Every structure is written in C-alpha cells, then in structure tokens.
Amino acid sequence: MFTLWSLIEASLLCLNAVCILHEERFLAKFGWGASSAAQVHGFGESPSVKAQVLNLVRSIRTVAKIPLIFLNLVAIIFKLLLG
C-alpha cells in the first residue's frame with residue numbers, strides 16, 4: 001500500500017544514493033566527473049544541464065551529509081519498532 005511513510009522512505013533512499021556517488025570512481029566513467037563540469041562559461045551564458053546536475057549532486061552531498069545520518073537512524077528505529 002502506498003503511504004506517506006513509503007514516500008518518505010523512497011526519498012530518503014534516493015538522497016542516500018546521491019550522497020554515495022563518487023565523482024572520480026563512478027561518475028568519471030560516464031563523462032560526469034569534476035573536470036567535465038569545470039568549464040568556464042561566459043558572462044550571461046547559462047551552464048549546461050550536465051553542469052547543473054553535477055552542481056546539484058555536489059550541493060546535496062555537502063548539505064545533506066549530517067542530516068541523512070540522523071534521518072537514517074530514525075528510519076531504522078521506526079522500522080525496527082513498527083515493522
């Protein structure tokens with residue numbers, strides 16, 4: 001059954017997946033490494049979609065690392081207690 005908890009759990013799993021991606025080991029194999037997004041754009045030019053996605057992944061990793069530890073602990077305890 002689809003509940004609010006399953007939606008929260010799915011988003012938590014997706015955030016965990018984004019946080020564990022390693023740029024040099026995994027993303028560079030597909031051309032999504034740090035060097036591919038470091039291209040300098042001119043003034044007024046918008047960055048490519050690839051660069052925007054890589055910046056999003058980096059910012060999620062930076063901001064969500066510590067809160068994800070606590071959210072994972074809450075999810076584990078919740079699953080242990082309530083099944």
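In what order do the elements of the protein chain run from the N terminus on? Display the whole chain as a ribbon and follow the path from that end: the elements run α-α-α. The model on the screen is predicted. In total, the protein chain has three helices and zero strands.

**The whole chain**

Before selecting single residues, consider the chain in full. The protein chain holds 83 residues, and buried residues make up 16% of them. Next, switch on the surface display. The accessible surface of the protein chain comes to about 6,500 Å², and carbon and sulfur atoms account for 73% of that area. The contacts may be considered as well. Where contacting residues are at least 6 apart in sequence, 61% of the contacts join residues at least 24 apart.

**First stop: Trp5 and Phe78**

Select Trp5 and Phe78 and show their side chains. How many aromatic pairs does the count come to? The count comes to one aromatic pair. Trp5 and Phe78 form this pair, with 4.4 Å from centre to centre and 50 degrees between the planes, and the arrangement is tilted. The pair links distant parts of the chain, for Trp5 lies in helix 1 (residues 4-20) and Phe78 in helix 3, 73 residues apart.

Are these two residues buried, partly exposed or exposed? Trp5 has a relative accessibility of 26% and therefore counts as partly exposed. Phe78, at 35% relative accessibility, also counts as partly exposed. Neither value falls under the 20% that defines a buried residue, and neither is over the 50% that defines an exposed one.

**Second stop: Arg61**

Now select Arg61, which is found in helix 3. Is Arg61 buried or exposed? Arg61 is buried, because its relative accessible area is 17%, and buried means under 20%. To see which residues lie in contact with Arg61, add Val18, Cys19, Leu21 and Glu23 to the selection. Arg61 touches these four residues, when residues up to four places away in sequence are not counted.

**Third stop: Ala51**

Finally, select Ala51. This residue also belongs to helix 3, which covers residues 49-82. Ala51 counts as buried because its relative accessibility is 7%. Then select Gly33 as well and draw a distance line between the two C-alpha atoms. What separation lies between the C-alpha atoms of Ala51 and Gly33? The C-alpha atoms are separated by 9.9 Å, while Ala51 and Gly33 are 18 residues apart along the chain.

Definitions and conventions. Residues numbered from 1 in each chain as written. Predicted model: local features only at pLDDT ≥ 70, side-chain atom pairs only at ≥ 80, totals over all residues. Heavy atoms only, no water. Helix = DSSP H or I, 4+ residues; strand = E, 2+ residues; numbered from the N terminus. Buried < 20%, exposed > 50% of the residue type's maximum accessible area, 1.4 Å probe, protein only. Contact = heavy atoms within 4.5 Å. Areas by Shrake-Rupley, 256 points an atom, 1.4 Å probe, with all protein chains shown as cover. Phe/Tyr/Trp six-rings, centres within 6.5 Å; stacked < 30°, edge-to-face > 60°.
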